[in-house]
Amino acid sequence: MKYIQFTKKENEIMDILWKHDIAMSANNIKLASKNLSINTIQQTLQKLLEIKYIKVAGIGQNKKAITRLYRPVISEAQYVNSFIGEDTRAKISLLCASVFY
């Protein structure tokens, strides 16, 4: 499957979700991000939901508020692999095989 390339903000949020092995709220993502505002995170999460790169994995509680928990639908490897052509994939396989043998 071919995926569309992430914007800088989408990439930062997806990196955070990929690095954590738990479903995360927008607030959790804010705490893990370097400089994203909560509004930017929420808008970006909505876009990632629309293009089906993430899903709502459950409901959590943040202090007194109920919040959605998000989890990636695609892995980082699937995403990166979608941008690599068949010829490049074959070259990488040959290179890896020669390194291990």
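**Surface patch and strand β2**

In this predicted model, three nonpolar residues, V56, I59 and I66, form a patch on the surface. Together they offer about 310 Å² of accessible area. One of the three, I66, belongs to strand β2, which covers residues 65–72. The relative accessibility of I66 is 64%; I66 therefore counts as exposed, since the cut-off for that class is over 50%.

Strand β2 also contains L69. Leaving aside residues up to four places away in sequence, L69 touches A23, M24, S25, K55, V56, A57, G58, I59 and G60. Two members of the surface patch, V56 and I59, are thus among the residues that L69 touches. A further long-range relation links L69 with A26: the two are 43 residues apart in sequence, and their C-alpha atoms are 7.6 Å apart in space.

**Overall architecture**

The protein chain contains five helices and two strands, arranged along the sequence in the pattern α-α-α-β-β-α-α. Of its 101 residues, 32% are buried. Among contacts with a separation of 6 or more, 49% are between residues 24 or more positions apart. The chain exposes about 7,200 Å², and carbon and sulfur atoms supply 55% of that area.

**Helix α1**

Helix α1 runs over residues 8–19. Its end C-alpha atoms are 16 Å apart, which agrees with the 16 Å that twelve residues should span at 1.5 Å a residue. The buried residues in α1 are E10, E12, I13, M14, I16, L17 and W18. They pack against α2, α3, β1, β2 and α4, the last of these being residues 76–81.

**Helix α3**

Helix α3 comprises 13 residues, 38–50. The distance from its first C-alpha to its last is 18 Å, close to the 18 Å expected at 1.5 Å a residue. Its buried residues are T40, I41, T44, L45, L48 and L49. Viewed down the helix axis, these residues fall within an arc of 165°, so they line one face of α3. The spacing of such a face follows from helix geometry: an α-helix has 3.6 residues a turn, so residues three or four places apart point the same way. N39, Q43 and E50, on the other side of α3, are exposed.

Which elements cover the buried residues of α3? The cover includes α1, α2 (26–32), β1 (54–62) and β2. Helix α3 in turn is one of the elements against which the buried residues of α1 pack.

**The salt bridge between α1 and α3**

Side chains of opposite charge can pair when their charged atoms come close. The structure holds one salt bridge. It is formed by K47 and E10, whose closest N and O atoms are 2.8 Å apart. Because K47 lies in helix α3 and E10 in helix α1, the pair ties together parts that are 37 residues apart in sequence.

The two partners differ in their exposure. E10 is buried, with a relative accessible area of 3%, whereas K47 is partly exposed, at 36%. E10 falls in the buried class because its value lies under 20%. Beyond residues up to four places away in sequence, E10 touches Q5, T44, K47 and L48. Of these contacts, T44 and L48 are also among the buried residues of α3.

**Loop residues with positive phi**

Two lysines, K52 and K63, have a positive phi although neither is a glycine. K52 comes just after α3. The following table sets out their values.

| Residue | Loop | Phi | Relative accessible area |
|---|---|---|---|
| K52 | between α3 and β1 | about 65° | 62% |
| K63 | between β1 and β2 | about 60° | 77% |

Are these residues buried or exposed? K52 is exposed, with a relative accessible area of 62%, and K63 is exposed as well, at 77%. Both values lie over 50%, and the two residues are therefore assigned to the exposed class. The loop that holds K52 joins α3 to β1; the loop that holds K63 lies between the two strands, β1 and β2.

Key. Residues numbered from 1 in each chain as written. Predicted model: local features only at pLDDT ≥ 70, side-chain atom pairs only at ≥ 80, totals over all residues. Heavy atoms only, no water. Patch = residues over 30% accessible without salt bridge, like charges linked within 9 Å, V, L, I, M, F, W, Y side chains within 5 Å. Areas by Shrake-Rupley, 256 points an atom, 1.4 Å probe, with all protein chains shown as cover. Salt bridge = Lys/Arg side-chain N within 4 Å of Asp/Glu carboxyl O. Helix = DSSP H or I, 4+ residues; strand = E, 2+ residues; numbered from the N terminus. Buried < 20%, exposed > 50% of the residue type's maximum accessible area, 1.4 Å probe, protein only. Contact = heavy atoms within 4.5 Å. Expected span 1.5 Å × (residues − 1). Arc of directions from axis to C-beta.
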